[in-house]
Amino acid sequence: MSYCVNCGVELEASLKNCPLCHTPVINPNELNKQMPPSPYPTDKGQVEVVKRKDLGILVTVVLTATGATCLLLNLLVFNAHLWSLVVIGSCLCLFVFSFPAIFYSKTPIYLSLLADGISVVVYLFLITFLTDSDIWFWQLGLPIVVILTVYAEAFPLLSRFFPATVLSCALYIFIEIPVFCVVLELLIRRIAGRPYLLTWSAVVLTVCVIIDFALITILAKKRLRNEVRRRLHF
């Protein structure tokens with residue numbers, strides 16, 4: 001039994017219009033049949049996701065082509081200096097840096113950081129061919145890269161034994177900064193032939209030591225630690 005949706009009068013099954021108000025009688029089961037087709041396509045298109053392999057091929061081709069073309073240009077046209085070594089070293093560093101993200105994401109972080117440090121060392125060594133002497137590389141460039149690589153390796157190593165929180169990471173950073181500054185000043189004084197004295201690095205060391213003691217105190221006291229986290233929304 002059906003009724004008119006407008007006036008409510010009882011309708012017979014064969015009627016197509018209400019005899020009282022002439023409202024069309026619509027069968028809900030036939031709505032899909034009566035609705036006109038949509039002018040828009042029903043299939044939802046989706047752009048195919050770029051595969052990591054294809055992206056790796058693109059990066060490799062671009063970096064290789066850049067280094068090769070600059071080398072040929074250097075040898076055949078602008079051959080006064082080996083400036084192409086700078087470009088080749090940059091391409092090598094970019095390839096090594098992007099390797100874990102593009103080619104193999106399961107690369108151990110220790111191996112990845114070590115490869116990054118080696119690529120930077122190779123890049124600096126290539127620059128030595130453009131300078132009159134390589135003393136700066138052996139006495140300054142290489143030690144700095146080695147120290148920074150060791151520092152970078154220390155972060156994931158420490159996170160395995162200690163909780164990696166914002167405060168603990170800040171403590172690690174403010175311990176490493178003064179050590180690096182002291183070693184850097186001593187290296188600069190060595191290459192310049194000056195006495196081994198601390199000047200500007202002593203200021204950095206003093207400030208960082210104060211910050212380190214404050215961070216150690218906060219980490220040691222649970223109430224202070226929770227208050228800092230609450231205040232800074234950690």
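This report describes the fold, two helix packings and an aromatic cluster of one protein chain. The model is predicted.

**Overall make-up**

The chain contains eight helices and two strands. In sequence order the pattern is β-β-α-α-α-α-α-α-α-α, with both strands ahead of the helices. The chain has 234 residues, and 25% of them count as buried. Its exposed surface comes to about 17,000 Å², of which carbon and sulfur atoms supply 69%. Among contacts in the chain with a separation of 6 or more, 46% are between residues 24 or more positions apart.

**Two helix packings**

Two packed helices are described by the angle between their axes and the distance between the axes. The table gives these values for two pairs.

| Helix pair | Residues | Angle | Axis distance |
|---|---|---|---|
| Helix 2 and helix 3 | 52-76 and 84-102 | about 170 degrees | 9 Å |
| Helix 4 and helix 5 | 109-127 and 135-161 | about 170 degrees | 10 Å |

Helix 2 packs against helix 3 at an angle of about 170 degrees. Angles over 145 degrees count as roughly antiparallel, so helix 2 is roughly antiparallel to helix 3. On the helix 2 side, the residues in contact include Arg52, Leu55, Val59, Leu63 and Leu71. Helix 3 contributes, among others, Val87, Ile88, Leu94, Phe95 and Ser98. By type, the residues of this contact divide into twelve nonpolar, seven polar and one charged.

Ser98 can be looked at more closely. This residue lies in helix 3. Is Ser98 buried or exposed? Its relative accessibility is 16%, and because the limit for buried is under 20%, Ser98 counts as buried. Leaving aside residues up to four places away in sequence, Ser98 touches Val59 and Phe103. Val59 is one of the helix 2 residues in the contact with helix 3.

For the second pair, helix 4 and helix 5 have their axes 10 Å apart. The angle makes helix 4 roughly antiparallel to helix 5. Helix 4 takes part through residues including Ile109, Tyr110, Leu113, Leu124 and Phe125. From helix 5 come, among others, Trp136, Phe137, Trp138, Leu142, Glu153 and Arg160. The residues of this contact divide into 17 nonpolar, three polar and two charged.

**Aromatic residues**

The structure holds eight aromatic pairs. One of them joins Trp136 and Phe137, whose ring centres are 6.2 Å apart. Their planes meet at 80 degrees, so the pair is edge-to-face. Phe137 also pairs with Trp138, with ring centres 4.8 Å apart. Here too the planes are at 80 degrees, and the pair is therefore edge-to-face.

How do these three residues stand with respect to the surface? Phe137 has a relative accessible area of 3% and is buried. Trp136, at 26%, is partly exposed. Trp138 also counts as partly exposed, with a relative accessibility of 46%.

Which residues form one aromatic cluster with Trp136, Phe137 and Trp138? The other members are Phe125 and Phe129. Phe125 belongs to the helix 4 side of the contact with helix 5, while Trp136, Phe137 and Trp138 belong to the helix 5 side.

Methods. Residues numbered from 1 in each chain as written. Predicted model: local features only at pLDDT ≥ 70, side-chain atom pairs only at ≥ 80, totals over all residues. Heavy atoms only, no water. Helix = DSSP H or I, 4+ residues; strand = E, 2+ residues; numbered from the N terminus. Buried < 20%, exposed > 50% of the residue type's maximum accessible area, 1.4 Å probe, protein only. Contact = heavy atoms within 4.5 Å. Areas by Shrake-Rupley, 256 points an atom, 1.4 Å probe, with all protein chains shown as cover. Phe/Tyr/Trp six-rings, centres within 6.5 Å; stacked < 30°, edge-to-face > 60°. Axes fitted to C-alpha atoms, helices over the stretch in contact; angles between N-to-C directions. Parallel < 35°, antiparallel > 145°, perpendicular 65-115°, else oblique. Nonpolar A, V, L, I, M, F, W, Y, C, P; charged D, E, K, R; others polar.
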